[in-house]
Amino acid sequence: MNVKRFVRAAFSLSFALAGLFSLAASSSAGGKSALVITVNGPISPVSAEYIVKGIQAAEADPAVETLIIEMDTPGGLDTSMRQIIKEIQRSPKPVVVYVAPSGSRAASAGAFITMAAHVAAMAPGTNIGAASPVNMGGEGMDKTMKRKVTNDAAAYIRSIAEQRGRNADIGEEMVRAGASLSETEAVREKVADLVAEDLPSLLAAINGRTVKTGAGDKTLATAGLEIKRLEMNWRERIFDALANPNVAYILMMLGFYGLFFELSNPGAVLPGIIGAICLILAFYSLQTLPVNYAGALLIILAIILFLLEIWVPSYGTLTMGGVIALVIGSLMLIDSPDEYMRISLSVIISMTLFTAAFFFFLVGSGVCAQYRRVTTGAEGMAGAIGEAQTDIVPETGGEIFVSGELWSALPQSGHITKGARVEVTGQKGLTLTVREKPE
């Protein structure tokens, strides 16, 4: 009995100690948390809205100690970038930009956002830079315009770097010369603050740092913080996917197909509705991309040539011209040196082959229909094979069974006996002219 009491007491003591330790741990963290959002892709109006929402959510929640933006981006729109930076500079809560995981980058607009953060951190095997401005209108900039845009971007990144106490000269070199730094070089050149393996290491490393926020100086207390994530909602995910140039291109082609089917079959309604929706979504996507208008016009020309092929007997010439215009226009449609903004060659080839096969099928069907033997009317009876049901004589004629029906018939020449095979050679009214056809 004493042994049982001792065991029970030991278990009770262990559970009590575990509860005390867990209470101590929660007290040390103060119930605080770090809110983490993930940006993986171009900086677009959707990603800007998502980041702004994250900053505002962190500001509204007293339990959130800091916001961490886990970022991997090739760059994006200048307007969206500036919207994000303004919100970071205004935020009363510390904002940490963490370029992660390994293999990620903060290029172009991402470099500006990283340098604007209260704390700039990078994972091993990442890089930052290549922030030279690129025209998003699809046309090349002249020297004067390029100089103005570059000077504006250089002054902007210098002001951001000086505000955060970072290397403004390297920041300007990223803009003017397209310089890019690894994570160790970025820390050495004071572009980034530290290198961290993962989020817990990052929280431990920045604990005790004092940063200047929109509400004044704030000392970070991040050791042992609970990590909470704020994901994109379904609406943001959909519109974020629409920013992909491949999706925009496919939607545009589906829109053209829908309108084509509606024009070919007036009153079908559904293809026209789907086509119109796809085109509107495609135009929404293309507004964030550097569209080359010559490429867009070539694609429209290709669609027109495909449509003309249906009504103009060119025997495939218009379709071939449409295929060539479609390929060249698709390659020219997105004019950007950045690979992430260009349409995938495999997508272009797939859509071109599908379109060419479809219209070649229509053209081939039309050509075959022109050479197909007539099967209706007087012309359709010529050459039909039947059987004499009676003797067929020149004076009175007779009856034959042909094409599933009984017909009156006159012999083309001579006398045709009952049961003989006959071939129709002509028709006058409801009487057929036939001749005997040997077995």
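This short presentation describes the overall make-up of one predicted model, then its small sheet, its salt bridges and one buried glutamate.

Good morning, colleagues. I begin with the chain as a whole. Of its 439 residues, 43% count as buried. The chain contains 15 helices and 16 strands. If one takes the contacts between residues at least 6 apart in sequence, 65% of them join residues at least 24 apart. The chain exposes about 22700 Å², and carbon and sulfur atoms supply 61% of that area.

I turn now to one sheet. It is an open sheet of 3 strands, in the order 4-6-7, and its pairing is mixed. Strand 4, residues 105–107, and strand 7, residues 180–182, stand at the edges; each has a single partner strand, so one side of each is left without a neighbour in the sheet. On average, and with direction ignored, neighbouring strands of this sheet are turned by 15 degrees against each other. Strand 6, residues 127–129, pairs with strand 7 in the antiparallel sense over 3 bridges. Within that pairing, Gly 129 has Ser 180 of strand 7 as its bridge partner. A helix also belongs in this picture: helix 4, residues 109–116, lies across strand 4 and strand 6 and runs at about 105 degrees to strand 4.

Next, the charged residues. Side chains of opposite charge can pair when their charged atoms come close. The structure holds 14 salt bridges, and I shall take three of them in turn.

In one of these, Glu 49 is joined to Arg 235, with the closest N and O atoms 2.9 Å apart. Glu 49 lies in helix 2, residues 45–60, and Arg 235 in helix 9, residues 234–242, so the pair ties together parts that are 186 residues apart in sequence. Glu 49 is partly exposed, at 33% relative accessibility, and Arg 235 is also partly exposed, at 37%.

Another salt bridge joins the side chains of Glu 87 and Arg 90, at 2.7 Å from N to O. These two residues are 3 apart in helix 3, residues 78–90, and are therefore separated by about one helical turn. Glu 87 is buried, with a relative accessible area of 13%, whereas Arg 90 is partly exposed, at 37%.

The remaining example lies in helix 6, residues 168–176, where Arg 176 and Glu 172 are 4 residues apart, about one turn of the helix. Their closest N and O atoms are 2.7 Å apart in a salt bridge. Glu 172 counts as buried, at 18% relative accessibility, while Arg 176 is partly exposed, at 44%. What else belongs to the network of salt bridges that links Glu 172 and Arg 176? The other members are Arg 158, Glu 162 and Asp 169.

I close with Glu 183, which is placed in helix 7, residues 183–188. Which side chain of opposite charge is nearest to Glu 183? It is that of Arg 188, 9.8 Å away. A salt bridge requires a side-chain nitrogen of Lys or Arg within 4 Å of a carboxyl oxygen, so a separation of that kind does not qualify. Glu 183 is thus a buried residue that has no salt bridge. What does Glu 183 touch, not counting residues up to four places away in sequence? Its contacts are Met 122, Ala 123, Pro 124, Gly 125, Thr 126 and Val 195.

Thank you for your attention.

Definitions and conventions. Residues are numbered from 1 along each chain as its sequence is written. This is a predicted model: local features need pLDDT of at least 70, side-chain atom pairs count only at pLDDT 80 or more; totals for chains, interfaces and linings use all residues. Side-chain values use heavy atoms; hydrogens and water are left out. Buried means under 20% relative accessible area, exposed over 50%, partly exposed in between (1.4 Å probe, protein chains only). Lys and Arg count as positive and Asp and Glu as negative; His and the chain ends are not counted. Contact means heavy atoms within 4.5 Å. Accessible areas come from the Shrake-Rupley method with a 1.4 Å probe; for residues, only the protein chains shown count as cover. Two strands pair if DSSP finds at least two bridges between them. Axes are lines fitted to C-alpha atoms, for helices over the stretch in contact, and angles run from 0 to 180 degrees between N-to-C directions.
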